[in-house]
Amino acid sequence: MALPSLPFLPLSLPAAALALATLAAFLFVLICAIAHATAKTMPHEDAECRKGSAPNIHDPATRELSVVVPSYNEENRLPLMMDEALDYLEKRQKQDPSFTYEVIVVNDGSKDQTAKVAKEYSKKYGSDKVRVISLEKNRGKGGAVRTGVFSSRGQKILMADADGATKFADIEKVEEGLKNLRPWPNGMAISCGSRAHLEKDSIAKRSYFRTLLMYGFHFLVWFLCVKEIRDTQCGFKLLTREAALQTFSNLHIERWAFDVELLYIAQRMKIPIAEVAVNWTEIEGSKLVPFWSWLQMGRDLLFIRLRYMTGAWKLEAKKFCFGFFMSDK
């Protein structure tokens, strides 16, 4: 015998609102649980406190500047950047013999001739000025930069993209930004190159879809992680050695959104940050696939906030293992 059908009873407005709120709370708790359960830490062997022949960020600085260049399949774009950077650095050293530098090219598991191209510069300028570190597997831009930073010898460490989109001479602008942050608390400060002043021109050249993605990403960065920096993604950032140790030792994200976590960590640790306008030109050959890369970055932004909020990731203050402390110079 068939049961009589029950009449559909629509929920009242308060009951519907309560049901939606309950569902939203359940989904939030579920996402937090997923974020916590899937949290992974970065490899700690990059920054081990060990003495040896290989340079280590825990060693006292022996150069004024280290330039870290993450490179993945950059055999075509790397030469232009290296020529411009080394030309500037060599001229600066001739003008000021006390100025010392190194360029660290981190070959991030490239499948082309990136390593060979980089080693040609090492032969030309000497392995003391141009060093090449090759990773067997691709770790992502964040992982490559982290590897270079932990092998650096500079009092200041500059991140610079292999495409040369930012004019290398603009290092003087970010250096000035760093100086303007003095006195540096505990020797820590960061100066970020910024393309925010070019936003109107870039919008005019982009499709509506890419513009929408850009605004969506900027909103998520502001809402979830970093509120004081307009352009978190410019790959031209200058850090004091102490700031580099503290931020990169706590970094977890290895791919495109690592810049956001880096600045999120800096803000949480109350490291002063300057944002400085730089000259920037879009160079063909970007590895960033607009929709899928930005979707991945959006997920990473959400997980950055949730993983720190739930305690899956925690900030730890690091100390230089061999008694070195960065001075305010």
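Where in the chain is the place of Lys 270? Lys 270 sits in the loop between H9 and strand S7 (273-277), and its backbone is described further below. The model is predicted. The chain holds ten helices and seven strands, and 49% of its 329 residues are buried. Among contacts with a separation of 6 or more, 84% are between residues 24 or more positions apart. The chain exposes about 17,400 Å², and carbon and sulfur atoms supply 59% of that area.

**The sheet**

- Seven strands form an open sheet in the order S3-S2-S1-S4-S6-S5-S7, and the pairing is mixed.
- Strand S3 (130-135) and S7 stand at the edges with a single partner strand each, so one side of each has no neighbour in the sheet.
- On average, neighbouring strands of this sheet are turned by 20 degrees against each other, direction ignored.
- Helix H2 packs on the sheet and touches S1, strand S2 (101-108) and S3.
- The direction of H2 makes about 165 degrees with that of S2.

**Strand S6 and its partners**

- Strands of a sheet pair through backbone hydrogen bonds, in either a parallel or an antiparallel way.
- S4 and S6 are paired in the antiparallel sense, over four bridges.
- Two of the residues bridged to S6 here are Leu 158, whose partner is Leu 238, and Met 159, whose partner is Lys 237.
- S5 and S6 also run antiparallel, joined by three bridges.
- Ser 191 has Leu 238 of S6 as its bridge partner, and Leu 238 is also the bridge partner of Leu 158.
- Which residues of S6 point one way, and which the other? Lys 237 and Leu 239 point one way, while Leu 238 and Thr 240 point the other way.
- All four of these S6 residues are buried, Lys 237 included.

**Helix H8**

- Why is helix H8 (residues 241-249) described as largely enclosed by the rest of the structure? Nine of its nine residues are buried, so the rest of the structure largely encloses it.
- The buried residues of H8 include the charged-name positions Arg 241 and Glu 242, along with Gln 246, Leu 245 and Phe 248.
- Ala 243, Ala 244, Thr 247 and Ser 249 of H8 are buried as well.
- The buried residues of H8 pack against two helices, H4 (141-150) and H9 (258-268).
- They also pack against strands S4 (154-159), S5 (190-194) and S6 (237-240).

**Arg 153**

- Arg 153 is placed in the loop between H4 and S4.
- Its relative accessibility is 14%, so Arg 153 counts as buried, the cut-off being under 20%.
- Leaving out residues up to four places away in sequence, Arg 153 touches Glu 102 and Asp 128, and also Arg 63, Arg 131 and Arg 241.
- The other residues touched by Arg 153 are Pro 55, Ala 61, Thr 62 and Ser 66.
- One of these contacts, Arg 241, is itself a buried residue of H8.

**Surface patch**

- Phe 219, Trp 222 and Phe 223 make a nonpolar surface patch of about 350 Å².
- Phe 223 lies in helix H7 (residues 208-225).
- With a relative accessibility of 47%, Phe 223 counts as partly exposed.

**Backbone exceptions**

- Most residues other than glycine have a negative phi, and most peptide bonds are trans.
- Asn 73 is not a glycine, yet its phi is positive, at about 50 degrees.
- Asn 73 is found in the loop between strand S1 (63-71) and helix H2 (78-95).
- The relative accessible area of Asn 73 is 25%, and the residue is partly exposed.
- Lys 270, also a residue other than glycine, has a positive phi near 60 degrees.
- Is Lys 270 buried or exposed? Its relative accessible area is 71%, so Lys 270 is exposed, the cut-off being over 50%.
- The peptide bond that joins Arg 182 and Pro 183 is cis, with omega about 0 degrees.
- Pro 183 is found in the loop between helix H5 (171-179) and S5.

Terms used
Residues are numbered from 1 along each chain as its sequence is written. This is a predicted model: local features need pLDDT of at least 70, side-chain atom pairs count only at pLDDT 80 or more; totals for chains, interfaces and linings use all residues. Side-chain values use heavy atoms; hydrogens and water are left out. Buried means under 20% relative accessible area, exposed over 50%, partly exposed in between (1.4 Å probe, protein chains only). Contact means heavy atoms within 4.5 Å. Patches are made of residues with over 30% relative accessible area and no salt bridge: like charges are joined within 9 Å, nonpolar side chains (Val, Leu, Ile, Met, Phe, Trp, Tyr) within 5 Å. Accessible areas come from the Shrake-Rupley method with a 1.4 Å probe; for residues, only the protein chains shown count as cover. A salt bridge is a side-chain nitrogen of Lys or Arg within 4 Å of a carboxyl oxygen of Asp or Glu. Two strands pair if DSSP finds at least two bridges between them. Axes are lines fitted to C-alpha atoms, for helices over the stretch in contact, and angles run from 0 to 180 degrees between N-to-C directions.
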